[in-house]
Every structure is written in C-alpha cells, then in structure tokens.
Amino acid sequence: MTAAPPRLGLIAGNGRFPFLVLEAARRAGYAVTVVAIKEEAFPNLEAASTRPPQAAFHWVSLGQLGKCIRLLEGARVSQAVMAGQVKHTKLFSDIVPDLTLLGVLRRLKTRNTDALISAVADVLREHGIELLDSTAFLAPLLAREGCLTARSPSDDERRDLEFGYGVADAIAGLDIGQTIAVKSAAVVAVEAMEGTDLVIARAGQLAGRGVRVVKVAKPNQDMRFDVPVVGVSTIETMKAAGATALSVDAGKTLMIDGAAIVTAADEAGIAIVGRPTQTSAV
C-alpha cells in the first residue's frame with residue numbers, strides 16, 4: 001500500500017515567492033493546499049496550482065483568518081508556510097477582521113508587523129498547524145557570503161556599506177524597515193511601510209548617482225515570515241536611481257530570481273555582497 005504524501009499548507013501573498021514554494025514543495029512530494037489572499041496573491045497562482053500534481057486552491061480575504069484555519073484543518077494540514085508579501089499598509093488599514101482575527105488583534109500590545117504575524121502563528125499552532133520557515137523549500141536561493149558579482153565594491157562603497165550596517169540593524173531591530181540608502185557616510189533614505197523599491201527610488205531623487213543600499217534581516221529574524229527578499233526588480237530600481245552597491249544578509253535574504261539577479265547586476269555595473277551572519281564585514 002502506497003503511503004499518503006505529506007501535507008503542506010501554503011498561505012500565499014503577492015509576488016513570485018508563493019509560486020516557487022508551490023513548485024519546490026510539489027517536487028519534494030508534498031500534497032499542497034494553497035490558501036491565497038485575494039487582495040495580494042497573483043491571479044495566475046490558481047492556474048499554477050492546477051498543474052499536476054494538482055494542489056487544492058482557495059481564495060480568502062485578508063481578514064479571514066478563521067476561514068483560512070478551517071480550510072487547512074479540512075485538508076488535514078499540520079504544517080504550513082507563509083510565502084509572499086502582504087503590504088504592511090494593508091495589514092493596518094484594509095483588514096475587515098473576522099472573529100478569529102479580532103481575537104488576535106485584542107491580544108496585541110503593539111500593532112507592528114512582527115507582533116501581528118507572530119500572534120497569527122500562535123493561533124495556527126493552537127489549531128495544530130505549525131508554521132515552517134518560509135525558505136524551508138528554497139535554501140538554494142538564500143544569499144551566500146562574500147561578493148556575489150563580478151565587480152567587488154570600491155573602497156568608498158565599502159565604507160558606506162560599513163557605515164550603513166549599524167543604522168540598518170537598529171532600524172530593523174525596531175521593526176521599522178529592513179532597508180536604508182546611504183551616500184558619503186550619510187543616511188539618505190530609510191524604509192518604513194513603503195517597501196524597498198520606493199526607498200531606493202526616493203534615495204536616487206534625493207542624492208543622485210552613487211547611493212549604496214543596505215538591506216538587512218532583523219537582529220532576531222523569524223524566518224517564518226517577513227524574510228528579506230531581493231529580485232531583478234531591485235536591481236532595475238537601483239540602476240534607474242543610480243545606486244551602485246547592494247549589501248544583503250547571507251543566509252537570511254531570499255534572492256527570489258536566483259542567478260538572474262547577479263546577471264542583471266553585472267550588466268548594470270552594480271556590486272552585490274552577502275554580509276556574513278553576526279558580523280558587519282563585507
């Protein structure tokens with residue numbers, strides 16, 4: 001008698017991240033149930049789920065935590081992955097919460113992103129569903145240490161990146177944002193809820209060519225959610241803004257487009273480095 005495949009729930013936000021998790025989990029032999037957030041997930045995720053081996057697929061609205069849990073319980077899921085961005089602004093302005101989510105919101109002492117999603121994870125666990133690291137199936141796409149591009153950072157770029165680490169780590173530790181832009185040892189722009197690409201674009205408008213971008217994980221990054229992500233679009237935004245160097249945290253930053261990111265950076269003359277964990281060396 002053939003053993004039943006292991007089951008996995010995929011709670012999907014926007015971007016390519018959910019598609020990659022879906023394909024990797026199916027390759028690993030999982031029977032996947034996708035619960036996609038209709039305000040965020042790309043519509044073609046549903047079609048991708050129908051390709052063999054077919055994954056069960058459901059749409060839920062952003063505030064429907066109870067429905068999400070019931071769907072996963074109905075699929076006899078005991079492990080789940082959150083993949084894909086939910087815009088931070090929507091977490092606090094566009095939610096119409098059901099009773100389950102209202103209970104979560106009442107528990108919160110602070111309504112920052114970490115507190116909210118961590119509380120959601122606790123409720124999932126209470127229902128027998130354990131959240132896995134969001135990169136559990138995508139380890140090959142995590143940034144590695146050292147220089148990732150053909151061009152290494154110049155001395156000036158290295159000094160700016162080194163300067164930026166302390167500031168970026170402090171901002172991330174306060175759960176404000178993960179990205180800052182610096183130039184000539186001055187902070188040009190800091191991310192809050194708007195996202196990385198808008199920060200980079202604003203930095204280019206403010207300081208012109210020569211901006212360096214530092215994207216970090218939180219000091220105690222919970223790899224189950226809100227993992228730093230960069231893609232080809234990040235490089236395209238940097239090129240348009242005149243930014244010349246990017247630092248990401250090795251082992252904690254998802255290079256969503258894989259080698260294509262490095263290719264795009266090489267073509268644009270942008271240096272990318274993976275900062276080793278627990279150190280600010282370039």
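1. The sheet in this predicted model is open and has five strands, ordered β3-β2-β1-β4-β5, with parallel pairing. At its edges are β3 (56–60) and β5 (130–131), each of which pairs on one side only. Strands of a sheet pair through backbone hydrogen bonds, either parallel or antiparallel.

2. Within the sheet, strand β1 (residues 7–12) runs parallel to strand β4 (residues 79–83), and four bridges join the two. One position to look at is I11, which stands opposite M82 in β4.

3. Helix α1 (residues 17–27) lies across three strands: β1, β2 (31–37) and β4. Relative to β1, helix α1 runs at about 170°.

4. There are three aromatic pairs in the structure. One of them is formed by F19 and F42: the ring centres are 6.4 Å apart and the planes stand at 50°, so this pair is tilted. Because F19 belongs to helix α1 and F42 to the loop between β2 and α2 (44–50), the pair ties together parts separated by 23 residues in sequence. F42 has 38% relative accessibility and therefore counts as partly exposed.

5. Another of the aromatic pairs is made by Y30 and F137. Their ring centres lie 5.2 Å apart with the planes at 85°, which is over 60 degrees, so the pair is edge-to-face. Y30 sits in the loop between α1 and β2, while F137 sits in the loop between β5 and β6 (146–147); the pair thus links distant parts of the chain, 107 residues apart. F137 has a relative accessibility of 18%, under the 20% limit, so F137 counts as buried.

Key
Residues numbered from 1 in each chain as written. Predicted model: local features only at pLDDT ≥ 70, side-chain atom pairs only at ≥ 80, totals over all residues. Heavy atoms only, no water. Pairing = 2+ DSSP bridges. Contact = heavy atoms within 4.5 Å. Axes fitted to C-alpha atoms, helices over the stretch in contact; angles between N-to-C directions. Phe/Tyr/Trp six-rings, centres within 6.5 Å; stacked < 30°, edge-to-face > 60°. Buried < 20%, exposed > 50% of the residue type's maximum accessible area, 1.4 Å probe, protein only.
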